[in-house]
Every structure is written in C-alpha cells, then in structure tokens.
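Some notes on the model follow, as numbered points. They start with the chain as a whole and then turn to one sheet.

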Amino acid sequence: MKPLDKIIETARNAPRQIVLAEGGDARVVAAALRARAEGIAQITLIGRHDIIAERLRDHGGDEHAFRIEDPATSPLTERFAERYHELRQGKGVDREAAEKAVREDLVFAAMMVREDEADGTIGGAVATTADTVRTALQVIGRTPDAGLVSSFFLMMLCQPHHAKKGAFVFSDCGLVVDPDASGLADIARMSARSYQALLGDRAKVAMLSFSTNGSAAHDRVSKVVEATNIARASDPDLLIDGELQFDSAFVEAVSSSKAPNSALHGQANVFVFPNLDAANIGYKIAQRIGGATAIGPVLQGLAKPANDLSRGCTADDVFHMIAVTVVQAASR
C-alpha cells in the first residue's frame, strides 16, 4: 500500500470531527464532500451559511449532510467569546474584543477544537500562514512537552523515476526560522513522533548539515551536533544521527563511505534541516524538480491538531490534509 493510501485508510478506520475554517472556498467544499464520501471524517464548515450552501449545491452536495457554523449567528459564539476572554484577558483582550475575535472564521474554528466541539482544524486556503499559525498558538496552545511549535512536510516519493520510494518527513520547512540547538532538538523529537503517528513505522532521524561527522568545522555544524546530543539524551530510544550531509543520510553506499558508523546506514526517513532557509529550499527542490508530492505544512507541538494549507492548494491537497489531521487526532 502506498504511504498516502495508508494514511487515508488509517483515517477511514478512525474518523474524527474536523472543522474547516474556510467553508466558503470551492476547494474546501470539494474536499469536504470527498472526505465524507470516503468516510474519513465528519466535517464542520465555517462561514456564511448561504455561501456554503450554494457551494455545496454547485458541487452536487447536500447542505443538510454537513454541520455548518456561521460565527455571526452560531449559538456557540457567546460561549466562545466568554472562553476566549478568559484565555486572552492577560494579553489585554477585553470582552468586546473577544466577541469580535470569535466572529473571525479562523478563531471560531480553533475555539471549536479547544472546546471539544471538534478534534482538529484546518485553515490557510485563504488565510496566510502567519494568521493560521498565530491563531492556533493563541487559542489551542502548545502541548506541555513541546518547547516550540514547528512544522513539517510529508514528502511522497512514488514516481517511477524515484530510486527510493516511500514517505519522508522534512522539517521545519515553514515556521521556525533559525532554531538554536535546543529548538532543533525539539523539532527532531516532534518530527519523529509525527512520522511514527502517521506512517506507523519507526522514525530514523537525520540531522542535516553541510558536514558529515566532522568533515567541516563551523559554528553552524556545532549547533547540529549539539542538537543531536540533546535529542538523544532526552529520548534514548530515538534513532538519530548527525551531523550528516543529505546523501550520507539517504544513500546507503554514500553512508558506507562517509559515515560507516552511522546507525542510520543511509536509511533515514526523517530529515531535520538546520534552518528554514535550507528546509524550505530543500522541500521545494524535491517537489518541483524531483517530482515529490508535498503535503503540508503540517503543524506539530500543539495541544490539539491544527494545520495550515498553501493558498495555492488544490482540493486534493485539502483532502489529504484532512486525512493527516484525522490521523493526528486519532493518535493522541
């Protein structure tokens, strides 16, 4: 079974309630209809009821088959305003500002997750990544054992020309610009957990650098080495090595030559980049030149699942993110 099919099948076996913050978007509606048809999730659509109903009819759907919540008229809005005020009053948010905030689709969707009206939320087809992530951080917050919230892309190598096929995690490609050693270690631990939750296999984590096992000396290399040591100390069962160049982590023959004592043996499936420059460039090269399918950015380190979409996403992208979010929720 292909990795993406495996994720969809896992979601189908444990469907959850997922709230889509941009319910009036045609791509989101198409994905919602497919998710319901394939039985991977119960869907709540957020936005103006008349617009969502029209979009559903345009796609041959039935508005009565979905839960639709309009923050301007929902019976949940008053309770959400009270809870949001309690949550944010320490940051200077008064009751009037709270009432205004929860009428925003992203905030309302996140409040549904916080208040256990849904198991996960997805936005970003219309909203920016900054707005989507900031809302998730403010409303849902971090899980207690996460030092920071980070992100990853699930990279699928499934084309005939790919010498090695399967699913790989690239992180952090979308959020943390220049993590210190502690932050990089946290990204590594969270990425390993994410891989194992989504794919059901053991994570093999490579901490990437322009150096392999001391082939170069630089402060940037030292940061990766320190991060590897921190991650290994905090989780002795974690299969991790670094610093490694990408080819040493990915190609067994190169690993045998450059890193003969590496526990990964060129079989890494989780790749932790040293900063956002390298990670973002790396995943886009793999996607645009290498033909890999990129799903993400998927957020990790949050108390409950909340994920981002690219504003250039397709309906298929939204559907796949629904499946990922369901599996995240089911693994908690």
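1. Of the 332 residues in the protein chain, 54% are buried. The model is a predicted one, and the figures in this note should be read as computed from it.

2. The accessible surface of the protein chain amounts to about 14400 Å². Carbon and sulfur atoms account for 48% of that surface.

3. By secondary structure, the protein chain holds 13 helices and eleven strands. Its radius of gyration is 21 Å, close to the 20 Å that the globule rule gives for 332 residues, so the chain is as compact as a globular protein of that length.

4. Taken along the principal axes, the box filled by the C-alpha atoms of the protein chain is roughly 65 × 50 × 30 Å.

5. On contacts: counting those between residues at least 6 apart in sequence, 71% link residues at least 24 apart.

6. One open sheet is built from six strands, in the order β8-β7-β9-β6-β5-β10, with mixed pairing. Its edges are β8 (239–244) and β10 (293–300), each of which pairs on one side only. From one strand to the next, the twist averages 20°.

7. Within this sheet, how do strands β5 and β6 run relative to each other, parallel or antiparallel? Strand β5 (residues 150–157) and strand β6 (residues 166–171) run antiparallel and are joined by six bridges. For F152, the bridge partner in β6 is S171.

Conventions: Residues are numbered from 1 along each chain as its sequence is written. This is a predicted model: local features need pLDDT of at least 70, side-chain atom pairs count only at pLDDT 80 or more; totals for chains, interfaces and linings use all residues. Side-chain values use heavy atoms; hydrogens and water are left out. Two strands pair if DSSP finds at least two bridges between them. Helices (H or I, at least four residues) and strands (E, at least two) are DSSP runs, numbered from the N terminus. Axes are lines fitted to C-alpha atoms, for helices over the stretch in contact, and angles run from 0 to 180 degrees between N-to-C directions. The radius of gyration is taken over C-alpha atoms; the globule rule is 2.2 Å times the number of residues to the power 0.38. Buried means under 20% relative accessible area, exposed over 50%, partly exposed in between (1.4 Å probe, protein chains only). Contact means heavy atoms within 4.5 Å. Accessible areas come from the Shrake-Rupley method with a 1.4 Å probe; for residues, only the protein chains shown count as cover.
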